[in-house]
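Biologist: I've got a chain I'd like to walk through with you. Could you pull it up so we can go over it together?

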Amino acid sequence: MVKIEVPHNHPRKVSLDIRERIIEGHSRHEVATAGLLAHGRGEAFDYLLGETTNESAKHAIQVAVAALLTAKHPVISVNGNVCSLVPREIVELSDITGAALEINLFYYRKEREDAIFRALKSAGANSVLGTQDRPSETIPELSSNRRKVDSEGIGLADVVLVPLEDGDRTEALKAMKKYVITIDLNPMSRTSVYADVTIVDNIVRAIPLMIAAAKELRTKSEEHLQKMISDFDNDKNLAESIRFIISRLEQLSTNIGLLREKNDTGVRAS
Ligand code: PTJ
């Protein structure tokens with residue numbers, strides 16, 4: 001495969017570099033072909049959000065990290081897109097919050113499991129759950145490949161971070177009384193509306209912010225973190241994300257010239 005070098009002064013460099021990571025992940029068999037499409041859907045929502053982390057997402061990030069830090073058995077579910085976009089960051093978040101990493105694939109192939117396992121190991125992961133040789137159990141009422149979970153991982157977990165997830169699984173995890181956190185650029189997806197905490201942001205921006213939040217919040221008392229969690233209303237937070245998109249589009253509809261202005265991240269509409 002020919003690797004495309006995006007010129008450093010290209011106005012869409014950040015977005016195109018991220019796209020390259022997904023394409024490379026696909027060629028290494030980490031990313032499912034459908035993962036390329038899922039990425040495109042994410043890019044479209046990121047456009048609507050202005051490719052920045054807004055205040056609602058920052059709030060959700062704080063609560064999500066509080067939930068991971070206070071959990072007895074936190075688990076981070078890793079799929080192909082997550083692995084190829086943020087391998088080192090997801091390992092760092094796992095280390096700092098004590099959450100186990102579990103490979104869990106919608107489009108399962110042994111070749112993909114092996115590629116993701118290798119990528120997480122070379123990103124520094126000590127232990128990776130969810131592989132075929134491990135004890136597993138089945139999530140009731142779920143027909144997709146994701147029904148198989150690690151008995152010492154998601155099977156046992158009280159809090160599960162499932163970024164870029166499909167709605168069925170989130171619903172099934174909720175039915176099993178798990179506290180579900182997701183990262184999803186689409187505030188209207190089924191996962192977004194069924195989760196307990198939805199971070200409406202690009203995973204490449206959200207995970208580094210979660211790591212920074214974990215460094216700060218791990219010094220706070222259990223009581224403080226529990227209050228953050230119980231004060232949080234996911235429906236309200238999602239509504240704020242939708243209103244953010246509406247007001248941004250209203251602003252743009254009165255001044256298209258804003259789309260020609262370069263913003264400070266170098267990411268703007270092409
Ligand atoms: O690796 P596998 O086999 O487990 O498959 C992974 C995919 C992503 C293909 C699978 O979970 C899938 O089909 O997911 P969906 O139903 O397309 O949902 C993915 C969600 O993630 C969509 O709502 C996208 O908008 C969102 N999304 C895509 N890219 C990003 C994102 N959210 C945050 N950051 C992104 N970079």
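Biologist: Let's start with helix 5, then: which of its residues are buried?

Modeller: Keep in mind that this is a predicted model. Helix 5 covers residues 87-97. A residue counts as buried under 20% relative accessible area. In helix 5 that gives Pro87, Ile90, Val91, Leu93, Ser94, Ile96 and Thr97.

Biologist: And what phi does Gly98 take, just after helix 5?

Modeller: Gly98 follows directly on the end of helix 5. Its phi is positive, at about 75°.

Biologist: On to the sheet: what is the order of its six strands?

Modeller: Let's build it up from the pairs. Strand 1 (residues 74-78) runs parallel to strand 6, joined by three bridges, and strand 6 (residues 159-161) pairs in the parallel sense with strand 7 over three bridges. Strand 7 in turn pairs with strand 8 (residues 197-199), again parallel and over three bridges. The sheet is open, and its full order is 3-2-1-6-7-8.

Biologist: Which strands are at the edges?

Modeller: An edge strand pairs on one side only. That picks out strand 3 (128-129) and strand 8.

Biologist: Which residue stands opposite Thr182?

Modeller: Thr182 belongs to the register between strand 7 and its partner, strand 8. On the strand 6 side, Leu161 stands opposite Ile181 of strand 7. For Thr182, the residue in strand 8 is Thr198.

Biologist: Which helix sits between strand 6 and strand 7 in the β-α-β unit, and what is the hand?

Modeller: Strand 6 and strand 7 pair in the parallel sense. The helix in the unit is helix 7 (residues 167-175), and the hand is right-handed.

Biologist: At what angle does helix 3 run to strand 8?

Modeller: Helix 3 (residues 55-70) lies across strand 1, strand 6, strand 7 and strand 8. Helix 6 (residues 110-122) lies across strand 1, strand 2 and strand 3, at about 155° to strand 2. For helix 3 and strand 8, the angle is about 130°.

Biologist: Is Ser192 buried or exposed?

Modeller: Ser192 is in helix 8 (residues 190-194). Beyond its neighbours within four places in sequence, its contacts include Thr182, Thr198 and Leu238. Because its relative accessibility is 0%, Ser192 counts as buried.

Biologist: Last one: how far apart in space are Gln226 and Ala115?

Modeller: Gln226 is in helix 10 (residues 222-230), and its 35% relative accessibility makes it partly exposed. Gln226 and Ala115 are 111 residues apart in sequence. In space, C-alpha to C-alpha, the distance is 37 Å.

Conventions
Residues are numbered from 1 along each chain as its sequence is written. This is a predicted model: local features need pLDDT of at least 70, side-chain atom pairs count only at pLDDT 80 or more; totals for chains, interfaces and linings use all residues. Side-chain values use heavy atoms; hydrogens and water are left out. Buried means under 20% relative accessible area, exposed over 50%, partly exposed in between (1.4 Å probe, protein chains only). Helices (H or I, at least four residues) and strands (E, at least two) are DSSP runs, numbered from the N terminus. Contact means heavy atoms within 4.5 Å. Two strands pair if DSSP finds at least two bridges between them. A crossover is right-handed if, with the strands pointing away from the viewer, the path from the first strand over the helix to the second runs clockwise. Axes are lines fitted to C-alpha atoms, for helices over the stretch in contact, and angles run from 0 to 180 degrees between N-to-C directions.
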